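Visitor: Please take one part of this model and look at it closely with me. I am new here, so keep it plain.

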Amino acid sequence: MASIAAHVDEIVIVDTGSTDSTLAIARSYDATVLERVWRNDFAWARNEALAAASGDWILYIDADERLILPDGGDLAEGLDPADILAARVGFRPKVNSTPFREHRLFRNSPRIRFRGTMHETVMPDLALLIKETGGRVVDTRAEIQHLGYEGEQSHKHARNLPLLRAALKREPGRLYYWHHLVSTLEAIGEVDEAMVTATKVAERMRQTEPTGMERPIASLLLCTYARLLHARGHDAMPEIEAGLAYYPEHAYLRLIKAQVLIDRNEPALAITILEELAAIDGATYADETLSHDRRIFDVWAHDLLGVALLRLGRRNEAAASFERAAAGAPDDLSYKAKALAIRPSSGSLGKAANS
């Protein structure tokens with residue numbers, strides 16, 4: 001709360017059963033605290049807070065997130081025109097990830113509510129309101145840093161798995177739920193089930209091609225699927241190409257494609273991809289829709305480029321690439337070359353895209 005206290009007029013918190021000092025801390029900031037019994041429904045909890053908010057604008061932010069404003073920045077900057085209904089902030093889902101744009105500011109309107117028990121979103125309501133009123137969305141200079149994916153995640157996987165299965169029974173057509181399910185199954189070691197699930201969803205996508213904001217979601221799922229296929233010695237290239245057709249900017253899929261080409265003994269084809277990735281500065285790169293691990297650009301692309309160059313006998317160039325890979329490794333992250341080149345997370349997708 002320290003990051004938002006000076007930038008908002010009121011703080012509304014829905015507490016669904018904390019056992020630590022959360023309530024005391026919240027009240028020390030004069031926050032309105034609503035104590036509720038957890039219903040396994042994230043949208044419901046957020047909507048409880050919306051109903052209690054009295055301001056003209058809503059900023060939604062979680063306890064494991066921090067608001068970052070440039071020096072002298074004002075959260076309300078540029079939001080005065082009456083036709084502005086929402087604003088996007090730069091969102092970093094992990095400490096060492098690149099940002100993307102997410103709708104975190106919107107008018108306090110009874111017509112804007114969250115939908116979805118998991119990966120809840122206001123986008124259906126917001127899109128309808130924009131269509132009816134001709135309103136618009138603007139971008140702000142604000143950023144939000146998410147800290148919740150740092151450290152051990154088994155408790156979240158245990159919480160999310162039954163919620164995901166239940167959500168899919170209610171909304172079997174929501175592709176992001178399938179992506180999250182595959183990723184969670186892999187994370188808890190249920191790789192066989194992850195593979196079976198991904199295979200079924202990939203086949204379904206071949207029958208009914210994703211459209212609109214489902215396309216980057218499809219690329220995320222196929223990225224995980226391609227990596228699992230390749231790790232088991234199967235041909236991952238069809239899934240890689242399908243994923244890139246859905247979202248050509250998917251940096252991690254491009255990295256996996258380069259890895260597969262190298263393993264096929266086609267290093268010359270991989271070099272073009274890797275040089276493009278290695279030329280990107282992970283510290284400043286931003287994608288509109290997806291977030292990526294910065295090491296794709298600052299470490300792994302240089303490392304794989306070194307492997308490709310070495311395969312072609314270009315030893316001096318390979319040595320230089322390996323040196324750049326080592327230099328780009330963040331101090332707080334372990335650097336494991338080559339063997340982990342296609343093992344980072346497959347990227348993140350904002351709630352803005354999960355409609």
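Guide: Helices are DSSP runs of H or I with at least four residues, and strands are runs of E with at least two, numbered from the N terminus. His180 is found in one of them, helix α5 (residues 175-187). This is a predicted model, where local features need pLDDT of at least 70 and side-chain atom pairs need 80 or more, while totals for chains, interfaces and linings use all residues. Residues are numbered from 1 along each chain as its sequence is written, and side-chain values use heavy atoms, without hydrogens or water.

His180 has 14% relative accessibility, so it counts as buried (under 20%; exposed is over 50%, partly exposed in between; 1.4 Å probe, protein chains only). Leaving out residues up to four places away in sequence, His180 touches Met118, His119, Asn160 and Leu164 (contact means heavy atoms within 4.5 Å).

Helix α5 also gives two or more residues to the largest nonpolar core. Such a core is a set of buried Ala, Val, Leu, Ile, Met, Phe, Trp, Tyr and Cys residues joined through side-chain atoms within 4.5 Å. This one has 62 residues. Met205, Ile240, Leu255 and Leu274 have the most contacts inside it. Other contributing elements include α4 (154-170), α6 (191-207) and α11 (295-311). Helix α7 gives the most, with 10 residues. Take Leu274: beyond four places in sequence, Leu274 touches Leu255, Ala258, Ile262, Ala301, Leu304, Leu305 and Ala308. Another core lies apart, with 21 residues, among them Ile4, Leu59, Ile84 and Phe91. In soluble globular proteins, nonpolar side chains tend to be buried together.
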